[in-house]
Amino acid sequence: MAGTSSARIVLVVVFGVLALIGSAQAQLQMNFYASSCPKAEQIVLDYVKQHIPNAPSLAASFLRMHFHDCIVRGCDASVLLNNTSGQAEKSAVPNLTLRGFDFIERVKSLLEAECPGVVSCADILTLVARDSVVTTGGPFWNVPTGRRDGVISNITEANTNIPSPFHNFTTLLTLFSNQGLNLTDLVLLSGGHTIGISHCPAVSRRLYNSTGPGGIDPTMDSEYAENLKANKCKTASDNTTILEMDPGSRKTFDLSYYSLLLKRRGLFQSDAALTTDSTSLAFINQLLTSPPQFFFDEFAKAMEKMGRVNVKTGSEGQIRKQCALVNN
């Protein structure tokens with residue numbers, strides 16, 4: 001009897017956990033605001049379409065902001081919170097060059113005017129990232145909504161969890177795996193660098209402080225490295241010069257980023273790292289030998305998956321009135 005009773009308890013616990021998981025997933029759904037704020041997604045899209053064509057580089061910024069948000073505490077808009085004594089995610093090294101916070105706040109104000117206290121900043125950031133990429137000619141992906149906003153933003157967690165331009169493949173894969181993302185997701189989401197920009201500090205050690213001739217990283221194409229030193233990062237201390245991550249094709253969401261990796265012309269050490277693993281390299285070759293739509297489709301799946309990482313739903317978190325501030 002005791003054994004039967006224990007089995008029943010286990011079954012109840014198991015099914016109870018499954019019910020909780022199911023209910024959380026059910027609350028993240030397409031057109032979550034259809035009843036509570038039916039114009040929400042159109043308001044976001046209209047604002048993006050009005051402003052992003054005049055500042056297309058913001059598409060890459062929002063893609064990066066969305067990723068940096070999801071990789072720390074899940075997709076809960078914690079990256080948008082203002083600093084309290086310099087201890088919020090905004091002060092973390094990887095986030096110091098993020099742009100577009102005011103843009104997100106303006107979208108939020110439009111939605112607050114339409115439906116006060118309904119649409120989360122986490123959903124706004126996710127939708128803006130998608131709509132910005134689409135507006136600049138990139139792939140569309142589904143954005144189920146219903147995320148709620150977090151109330152904690154921690155600089156240490158951001159510095160620890162956000163992948164660095166200097167990371168090797170093992171570290172990158174570990175950081176992705178910690179969030180339920182896999183090798184395929186790592187390769188695909190790195191493909192967002194096709195429209196990315198960076199600054200010299202992210203690559204200076206590969207140009208000036210490595211083991212090859214002239215301090216150049218031997219895993220980087222020497223002609224490419226010399227060109228960067230001559231025309232872009234002219235000194236090891238340059239902190240301001242902007243670099244294209246996909247030179248000659250930065251404004252086009254395409255496969256050229258991966259082609260450059262095979263030519264040893266990835267800008268970051270973390271870009272070059274994708275070719276050091278046989279499975280990753282095989283997938284890069286598969287992307288390059290498949291129709292471009294295959295990359296778009298696979299990128300879309302990876303983005304939707306990332307947008308589900310550790311989301312808060314139901315009664316978790318809150319719906320902030322302003323994206324930079326936790327509600328009183």
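How many salt bridges does the structure hold? The structure holds 12 salt bridges, and before I go through some of them I should say that what we have on the screen is a predicted model.

Let me begin with E157, which forms a salt bridge with R73, with 2.7 Å between the closest N and O atoms. E157 sits in helix α6 while R73 sits in the loop between α3 and α4 (101-114), so this pair ties together parts of the chain that are 84 residues apart in sequence. As for the surroundings of the two partners, E157 is partly exposed at a relative accessible area of 25%, and R73 also counts as partly exposed, at 33% relative accessibility.

The next pair is D123 with R147, a salt bridge in which the closest N and O atoms are 2.6 Å apart. Here D123 belongs to helix α5 and R147 to the loop between α5 and α6, so the pair ties together parts that are 24 residues apart in sequence. D123 is buried, and R147 is buried as well.

A further pair is D217 with R206, where the closest N and O atoms come to 2.9 Å in a salt bridge. This pair links distant parts of the chain, with D217 in the loop between α9 and α10 (222-231) and R206 in helix α9, 11 residues apart. D217 counts as buried at 5% relative accessibility, and R206 counts as buried at 3%. Staying with salt bridges for a moment, I would also point to D221, E223 and R265, which are joined into one network by salt bridges that share partners.

Now, as general background, side chains of opposite charge can pair when their charged atoms come close. With that in mind, let me turn to an acidic residue without such a partner, namely D69, which lies in helix α3 (residues 58-70). D69 is buried and yet has no salt bridge, and the nearest side chain of opposite charge, that of R320, is 6.7 Å away; the cut-off for a salt bridge is 4 Å between a side-chain nitrogen of Lys or Arg and a carboxyl oxygen of Asp or Glu. What does the side chain of D69 reach at 3.3 Å? The answer is the backbone nitrogen of D76. If we leave aside neighbours within four places in sequence, the residues in contact with D69 are G74, C75, D76, A77, S78, V79 and L125.

Another buried polar residue is T194, placed in the loop between α8 (183-190) and β1 (197-199), and its relative accessible area is 0%. A polar atom of the T194 side chain lies 3.2 Å from the backbone oxygen of T252, and the T194 side chain also makes a polar contact, at 3.1 Å, with the side chain of D254. Not counting residues up to four places away in sequence, T194 touches a set of residues including D246, S249, R250, F253, S256 and Y257.

Moving on to the loop between β1 and α9 (204-208), we find P201 there, and P201 is partly exposed, with a relative accessible area of 37%. P201 touches F166, D238 and N239 when residues up to four places away in sequence are not counted. P201 and K232 are separated by 31 residues in sequence, and their C-alpha atoms are 11 Å apart in space.

A word on the backbone, then. In general, most residues other than glycine have a negative phi. N31, however, which is placed in the loop between α1 (2-27) and α2 (40-51), has a positive phi, near 60°. N310 likewise has a positive phi, of about 45°, although it is not a glycine. N310 is found in the segment after α14 (292-306), where it is partly exposed with a relative accessible area of 48%.

Finally, let me come to the surface. Which residues form a nonpolar patch there, with about 210 Å² of accessible area together? They are V151, I152 and V326. Of these, I152 lies in the loop between α5 (121-135) and α6 (155-161), and with a relative accessible area of 40% I152 is partly exposed.

Key. Residues are numbered from 1 along each chain as its sequence is written. This is a predicted model: local features need pLDDT of at least 70, side-chain atom pairs count only at pLDDT 80 or more; totals for chains, interfaces and linings use all residues. Side-chain values use heavy atoms; hydrogens and water are left out. Patches are made of residues with over 30% relative accessible area and no salt bridge: like charges are joined within 9 Å, nonpolar side chains (Val, Leu, Ile, Met, Phe, Trp, Tyr) within 5 Å. Accessible areas come from the Shrake-Rupley method with a 1.4 Å probe; for residues, only the protein chains shown count as cover. Helices (H or I, at least four residues) and strands (E, at least two) are DSSP runs, numbered from the N terminus. Buried means under 20% relative accessible area, exposed over 50%, partly exposed in between (1.4 Å probe, protein chains only). Lys and Arg count as positive and Asp and Glu as negative; His and the chain ends are not counted. A polar contact is a pair of N or O atoms within 3.5 Å; within protein, one must be able to donate a hydrogen and the other to accept it, and residues adjacent in sequence count only if both atoms are side-chain atoms. Contact means heavy atoms within 4.5 Å.
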